[in-house]
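Trainee: I am new to this structure and would like a close look at a single part of it. Could you take me through the sheet and what surrounds it?

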Amino acid sequence: MVGNVTRCGGRKTVFLVGCACVGAYVAYRYWRKRELKSIDEGFEEVSKIDDSNERRVLLLGLDGAGKTSVMNQVIAATVTGTSYSVPPPSTNGFAVFKFQTGSYTLNIWEIGGADGTRNYWSNFLQDTDLLVFMVDAADTNKLSLAVSELKQLLGDPRMDTVPILVIANKQDSPNALRPDQVKEALDLHSIPPNKHKVVVIGCQTRPLPDLPPGLTTYTWHHPSIEAVRKKLFTMAA
Ligand SMILES: Nc1nc2c(ncn2[C@@H]2O[C@H](COP(=O)(O)OP(=O)(O)OP(=O)(O)O)[C@@H](O)[C@H]2O)c(=O)[nH]1
Ligand SMILES: [Mg+2]
């Protein structure tokens, strides 16, 4: 009898455990499906996590303008001892540079500027506090493409009233356009001041100093990077 009850209880237990397993599996599949869906949505439109202390900076510009190089030196200027290698690999996708200041977190999103990657720029426009647009001031052949990309960006309603910091990089090159010439070339005078605050500055990350024997990475930054750093922090605040 006891044995029977036990056997009957055993069958019941097996049945209940079976049901629990099936239930858990169904719940797991449902949860997984929801999680995958939210990851997809995250890539469709990257926006701020609900954090009023976050400042979101979008760093765009054609490939080779020097976005990563400048950011590497901004980090070196901010966090003592941080090193970087030269040249950086081209940004195939995006990179986020995070800075913690007194009252807020500055997240600088660099999106690669190569042909294929530029198609994704529009996925990153939501909740932008500052647009940094970098140009290679020495490559005048690419300026007209830079102009049309910038115009397309500013035509998006999500960019309305977003301040713009234009960086005319590679000022070390003898044929580089000066900041006021870049302002002219990008037709920035035509932007109504009540629509966007526009600031144009020049900078350079070269010439690099000689490295001591045995070292392959740099902790150095060019003095012009200080102004970039200051503008990033003040314009995004
Ligand atoms: N002469 C000179 N070269 C520079 C300067 N800044 C960057 N470069 C060089 O320009 C090239 C491109 O620099 P990156 O920083 O990779 O450019 P990027 O805008 O991040 O390019 P993507 O990530 O491909 O969109 C590299 O060979 C750098 O070493 C500069 O101020 N002067
Ligand atoms: Mg890059």
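Mentor: Happy to. Let us begin with a term: two strands pair if DSSP finds at least two bridges between them. With that in hand, please keep in mind that this is a predicted model.

Here is the overall layout. The sheet is open and made of six strands, in the order β2-β3-β1-β4-β5-β6, with mixed pairing. At its edges lie β2 (94-100) and β6 (198-202), each of which pairs on one side only. From one strand to the next, the twist averages 20°.

Now look at strand β4. On one side, β4 (residues 130-136) is joined by four bridges to β1 (residues 54-60), and the two run parallel. Within that pairing, L59 has V132 of β4 as its bridge partner. Six bridges link β4 to β5, and these strands also run parallel. There, D136 has N169 of β5 as its bridge partner. As general background, strands of a sheet pair through backbone hydrogen bonds, either parallel or antiparallel.

How many residues of β4 are buried? Seven of the seven are, so β4 is largely enclosed by the rest of the structure. You can follow this face by face: L130, V132, M134 and D136 are buried on one side, and L131, F133 and V135 are buried on the other, so that both faces are covered.

Which helices lie against the sheet? One of them is α2 (residues 67-78), which packs on the sheet and touches β1, β2, β3 (105-111), β4 and β5 (164-169). The direction of α2 makes about 20° with that of β2. Helix α6 (residues 224-236) lies across β1, β2, β3, β4, β5 and β6, and runs at about 165° to β6.

Strand β3 has a residue worth a pause, N107. Is N107 buried or exposed? Its relative accessibility is 10%, and N107 therefore counts as buried, the cut-off being under 20%. The side chain of N107 makes a polar contact of 3.0 Å with the side chain of E54. Leaving aside neighbours within four places in sequence, N107 is in contact with E54, R55, R56, V57, V96, F97 and K98.

Let us return to helix α2, because T68 is found there and UniProt, in an unreviewed entry, lists T68 and T91 for "binding site". These two residues are spread over 24 residues of sequence, yet they cluster in space, with a largest C-alpha distance of 7.6 Å. The lining of the largest pocket includes both T68 and T91.

Where does T91 sit? It is found in the loop between α2 and β2. T91 is buried, with a relative accessible area of 13%, and T68 is buried as well, at 15%. A polar contact of 3.0 Å joins the side chain of T91 to the side chain of T68. Not counting residues up to four places away in sequence, T91 touches T68, E110 and G112. With the same kind of neighbours set aside, T68 is in contact with P88, T91 and E110. E110 therefore appears in the contacts of T91 and of T68 alike, where contact means heavy atoms within 4.5 Å.

Key:
Residues numbered from 1 in each chain as written. Chains lettered and ligands numbered in written order. Predicted model: local features only at pLDDT ≥ 70, side-chain atom pairs only at ≥ 80, totals over all residues. Heavy atoms only, no water. Axes fitted to C-alpha atoms, helices over the stretch in contact; angles between N-to-C directions. UniProt positions renumbered as here; feature names shortened; annotations may be inferred. 1 Å grid on protein atoms, 1.4 Å probe; cavity = no way out; pocket = protein on both sides within 12 Å on 5 of 7 lines; lining within 4 Å. Buried < 20%, exposed > 50% of the residue type's maximum accessible area, 1.4 Å probe, protein only. Polar contact = N/O pair within 3.5 Å; in protein donor to acceptor, adjacent residues only side chain to side chain.
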